[in-house]
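This briefing is meant to be read beside the sequence and the model. It begins with the overall make-up and then turns to the sheets and the helical region.

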Amino acid sequence: MPDMKKALGKKDGFSLVELIITISIIAILTGLAAFGFGYLRTADAKGVANAINSGLSDLKAENMAKNKKIYMHLYEYDGSYYIHYTSEDEESSFSPDGSGKEIGKSTVTVSCDGTEMSDGSDVRFSVRKKDGAFTHGSKQIDVSASNGSHYRIKLVWDTGKHYME
């Protein structure tokens, strides 16, 4: 059998060209994976910003519809960001925990009026029933990802409007 291998010209192992092609394919796949992770970070930041923006809209709608004043709490707890709604009766007993609606992991950074939220920190928002103007909260919420993507939610206190940049 060994003579037959020689006669057919078969060799054992990889050639240099095969090795270069294999390494090139691995490098391309690694580059695409790293690029994809950057998009995931951007999606995380946008998702958190959209959730906060929607939460503010829900807060306004809830306050207009209910007899009791409703508060929205935005907080970080145990590596995740949450939104939790309380009525004026529950407000005094609220403390940040994992019971709210999780809106994102701490792969993003959330800052309210330039102050970065930390574990256990809480920002409370409320609106007036008669005109929907904000009475508690910050004027600007920034959501950033480590890849440089940035979203800003601006709150117009006098009118109760808010928009995302």
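How many Å² does the protein expose, and what percentage of that do carbon and sulfur atoms supply? In this predicted model, the exposed area comes to about 10200 Å², with 56% of it supplied by carbon and sulfur atoms.

**Overall make-up**

- The protein has 2 helices and 10 strands, and along the sequence both helices precede the strands, in the pattern α-α-β-β-β-β-β-β-β-β-β-β.
- Of the 165 residues in the protein, 32% are buried.
- Among the contacts with a separation of 6 or more, 54% are between residues 24 or more positions apart.

**The sheet that contains β1**

- Five strands, in the order β3-β2-β1-β6-β7, make up an open sheet with antiparallel pairing, and its edge strands are β3 (101-105) and β7 (134-136), each of which pairs on one side only.
- Neighbouring strands of this sheet are turned against each other by 25° on average, with direction ignored.
- Strand β1 (residues 70-77) is mostly covered, since 7 of its 8 residues are buried, where buried stands for a relative accessible area under 20%.
- On one side, β1 is joined by 8 bridges to strand β2 (residues 80-87), which runs antiparallel to it, and within this pair Tyr75 has Tyr82 of β2 as its bridge partner.
- The same two strands, β1 and β2, form a hairpin with 2 residues between them, and Asp78 in the turn has a positive phi of about 55°.
- β1 also pairs with β6 in the antiparallel sense, over 5 bridges, and here Leu74 has Val123 of β6 as its bridge partner.
- Strand β6 (residues 122-127) is in turn joined to β7 by 2 bridges, again in an antiparallel arrangement, with Val127 standing opposite Phe134 in β7.

**The sheet that contains β9**

- Another open sheet is formed by 5 strands in the order β5-β4-β8-β9-β10, and its pairing is antiparallel.
- Because β5 (115-116) and β10 (161-164) stand at the edges with a single partner strand each, one side of each is left without a neighbour in the sheet.
- The partner of β10 is strand β9 (residues 150-156), and the two pair in the antiparallel sense over 4 bridges, including the one between Lys154 and Tyr163 of β10.
- As general background for both sheets, strands of a sheet pair through backbone hydrogen bonds, either parallel or antiparallel.

**Helix α2 and the nonpolar patch**

- A nonpolar surface patch of about 610 Å² is made by Val17, Ile21, Ile25, Ile28, Leu29 and Leu32.
- Val17 lies in helix α2 (residues 16-65), and Val17 counts as exposed because its relative accessible area of 58% is over the 50% cut-off.
- Gly47 also has its place in helix α2, but at 33% relative accessibility Gly47 counts as partly exposed, a class that covers values in between the buried and exposed limits.
- Although Gly47 and Gly104 are 57 residues apart along the chain, their C-alpha atoms are separated by 7.5 Å; Gly47 belongs to helix α2, while residues 101-105 form the edge strand β3.

Key
Residues are numbered from 1 along each chain as its sequence is written. This is a predicted model: local features need pLDDT of at least 70, side-chain atom pairs count only at pLDDT 80 or more; totals for chains, interfaces and linings use all residues. Side-chain values use heavy atoms; hydrogens and water are left out. Two strands pair if DSSP finds at least two bridges between them. Axes are lines fitted to C-alpha atoms, for helices over the stretch in contact, and angles run from 0 to 180 degrees between N-to-C directions. Patches are made of residues with over 30% relative accessible area and no salt bridge: like charges are joined within 9 Å, nonpolar side chains (Val, Leu, Ile, Met, Phe, Trp, Tyr) within 5 Å. Accessible areas come from the Shrake-Rupley method with a 1.4 Å probe; for residues, only the protein chains shown count as cover. A salt bridge is a side-chain nitrogen of Lys or Arg within 4 Å of a carboxyl oxygen of Asp or Glu. Buried means under 20% relative accessible area, exposed over 50%, partly exposed in between (1.4 Å probe, protein chains only). Contact means heavy atoms within 4.5 Å.
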